[in-house]
Amino acid sequence: MAKGKDARVMIILQCTSCLRNRVNKESKGISRYITQKNRHNTPSRLELRKLCPSCYKHTIHGELKK
């Protein structure tokens, strides 16, 4: 039996401030988190405040395009 379109999908959240400020040379890189979302409840792009180890503060992480 084929599952078809599942409601839960894997998404990648990426720090938006690291992209705007071009990552510092001392930093570790761009912060990314992997999580899941329910496609039926949240059809728009997800944005969460998460800790960015590159910026050393809580910043907005937005969903990447696939």
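The following exercises concern a predicted model and treat the surroundings of His61 and a surface patch.

**Exercise 1.** Determine which strands pair with strand E4 and which residues stand opposite His61.

*Solution.*
Step 1. Strand E4 covers residues 57-63, and His61 lies within this strand.
Step 2. Strand E1 (residues 8-15) is joined to E4 by three bridges, and the two run antiparallel. In this pairing, Cys15 stands opposite His61.
Step 3. Strand E3 (residues 47-52) is joined to E4 by six bridges, again in antiparallel orientation. Here Leu48 stands opposite His61.
Step 4. Four residues separate the strands in the hairpin of E3 and E4, where Tyr56 takes a positive phi near 65°.

**Exercise 2.** Establish whether His61 is buried or exposed, and identify the polar contacts of its side chain.

*Solution.*
Step 1. The relative accessible area of His61 is 0%. Because buried means under 20%, His61 is classed as buried.
Step 2. The His61 side chain makes a polar contact with the side chain of Ser31 at 3.2 Å.
Step 3. The His61 side chain also reaches the backbone oxygen of Thr59, at 3.2 Å.
Step 4. Beyond its neighbours within four places in sequence, His61 is in contact with residues including Leu13, Tyr33, Leu46 and Leu51.

**Exercise 3.** Classify the exposure of Met10 and state which residues make the nonpolar surface patch.

*Solution.*
Step 1. Met10 is found in strand E1.
Step 2. Met10 has 43% relative accessibility. Since partly exposed lies between the limits of 20% and 50%, Met10 counts as partly exposed.
Step 3. Met10, Ile12 and Ile34 make a nonpolar surface patch of about 290 Å².

Technical notes
Residues numbered from 1 in each chain as written. Predicted model: local features only at pLDDT ≥ 70, side-chain atom pairs only at ≥ 80, totals over all residues. Heavy atoms only, no water. Patch = residues over 30% accessible without salt bridge, like charges linked within 9 Å, V, L, I, M, F, W, Y side chains within 5 Å. Areas by Shrake-Rupley, 256 points an atom, 1.4 Å probe, with all protein chains shown as cover. Salt bridge = Lys/Arg side-chain N within 4 Å of Asp/Glu carboxyl O. Buried < 20%, exposed > 50% of the residue type's maximum accessible area, 1.4 Å probe, protein only. Pairing = 2+ DSSP bridges. Polar contact = N/O pair within 3.5 Å; in protein donor to acceptor, adjacent residues only side chain to side chain. Contact = heavy atoms within 4.5 Å.
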